[in-house]
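Load the model in your viewer and keep the sequence panel open. The stops below say what to select and what is found there.

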Amino acid sequence: MKKLLLTVGLVVFSLNLQAKEWYQEKGTLHDATMTQWCGADSKNKLATAGDFVAKGYQEKMFKTEIINAIDKNGMGGLKVLAQEVVNGLDESSCNGNKVSPEMKNQKVNSNTALLIALMGWFK
């Protein structure tokens, strides 16, 4: 957890100027299958993951240190956390742009919630 929060702090400075640009991309993968996720472009994945992280933040579902990191670092901090979600989903389900056979019909929203729980972000 400390490593993640340190990463958020270090990366945020360089991201603040670009923060709104990445999030203005409209994520369309909220209800998608992992087959669709694995074939999607990185901007769509990041915007979708940003929506999931933003919802968790807005509804105060995350641990205090995650909420505080987003409060302190704004959109740049949210982007770092969203990228962690993208990386986790890609590593667990995708082999390049091809979905793992056992994950092809799984839903992105369910896997995101499970991933965030496994990363220990929820209260």
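Select Ser 100 first: Ser 100 is buried, at 15% relative accessible area, where buried means under 20%, exposed over 50% and partly exposed in between, using a 1.4 Å probe and protein chains only. Ser 100 sits in the loop between strand 2 (98-99) and helix 6. Helices here are DSSP runs of H or I with at least four residues, strands are E runs of at least two, and both are numbered from the N terminus. Setting aside neighbours within four places in sequence, Ser 100 is in contact with Ser 92, Ser 93 and Cys 94; contact means heavy atoms within 4.5 Å.

The model is predicted, so local features need pLDDT of at least 70 and side-chain atom pairs count only at pLDDT 80 or more, while totals for chains, interfaces and linings use all residues. Residues are numbered from 1 along each chain as its sequence is written, and side-chain values use heavy atoms, with hydrogens and water left out.

Now select Val 99, in strand 2. Val 99 counts as buried at 14% relative accessibility. Which residues does Val 99 touch, not counting those up to four places away in sequence? They are Met 34, Thr 35, Cys 38, Ser 93, Cys 94 and Lys 104. For Cys 38, draw a C-alpha to C-alpha distance: Val 99 and Cys 38 are 5.6 Å apart in space and 61 residues apart in sequence.

Stay in that part of the sequence and pick Gln 36, in helix 3. Gln 36 is partly exposed, with 46% relative accessibility. The C-alpha atoms of Gln 36 and Asn 105 are separated by 9.3 Å, with their positions 69 residues apart along the chain.

Zoom out to the whole chain. The protein chain has six helices and two strands, in the order α-α-α-α-α-β-β-α along the sequence. Of its 123 residues, 43% are buried. Among contacts with a separation of 6 or more, 75% are between residues 24 or more positions apart.

Next come two helix pairs. Two packed helices are described by the angle between their axes and the distance between the axes. Axes are lines fitted to C-alpha atoms, for helices over the stretch in contact, and angles run from 0 to 180 degrees between N-to-C directions.

Select helix 4 (residues 42-58) and helix 5. Their axes come within 8 Å and cross at roughly 130 degrees. The two helices are therefore oblique to each other; angles under 35 degrees count as roughly parallel, over 145 as roughly antiparallel, 65 to 115 as roughly perpendicular and the rest as oblique. On the helix 4 side, the contact is made by Lys 45, Leu 46, Ala 49, Gly 50, Val 53, Ala 54 and Tyr 57. The helix 5 residues in this contact include Ile 67, Ile 70, Asp 71, Leu 78, Lys 79 and Asp 90. By class, the contact has 12 nonpolar, two polar and four charged residues; Ala, Val, Leu, Ile, Met, Phe, Trp, Tyr, Cys and Pro count as nonpolar, Asp, Glu, Lys and Arg as charged, and the others, Gly among them, as polar.

Within helix 5, click Gly 77. Gly 77 counts as buried, at 0% relative accessibility. From Gly 77 to Ile 67 is 9.9 Å, C-alpha to C-alpha, for 10 residues in sequence.

Between helix 4 and helix 5, pick Lys 60 in the loop. Its phi is near 55 degrees, a positive value in a residue other than glycine. Lys 60 counts as partly exposed, at 44% relative accessibility.

For the second pair, keep helix 5 (residues 64-93) and add helix 6 (residues 108-118): the axes come within 10 Å and cross at roughly 110 degrees. Helix 5 and helix 6 are therefore roughly perpendicular. Helix 5 contributes Val 85, Gly 88 and Leu 89 to the contact, and helix 6 contributes Val 108, Asn 111, Thr 112, Leu 115 and Ile 116. The classes here are five nonpolar, three polar and no charged residues.

Finally, color helix 6 by burial. Its buried residues are Val 108, Asn 111, Thr 112, Leu 115 and Ile 116. They cover an arc of only 135 degrees around the axis, which puts them on the same side of helix 6; the arc is that of the directions from the helix axis to the C-beta atoms. What covers these residues includes helix 3 (34-39), helix 4 and helix 5. Just after helix 6, Gly 120 has a positive phi of about 80 degrees.
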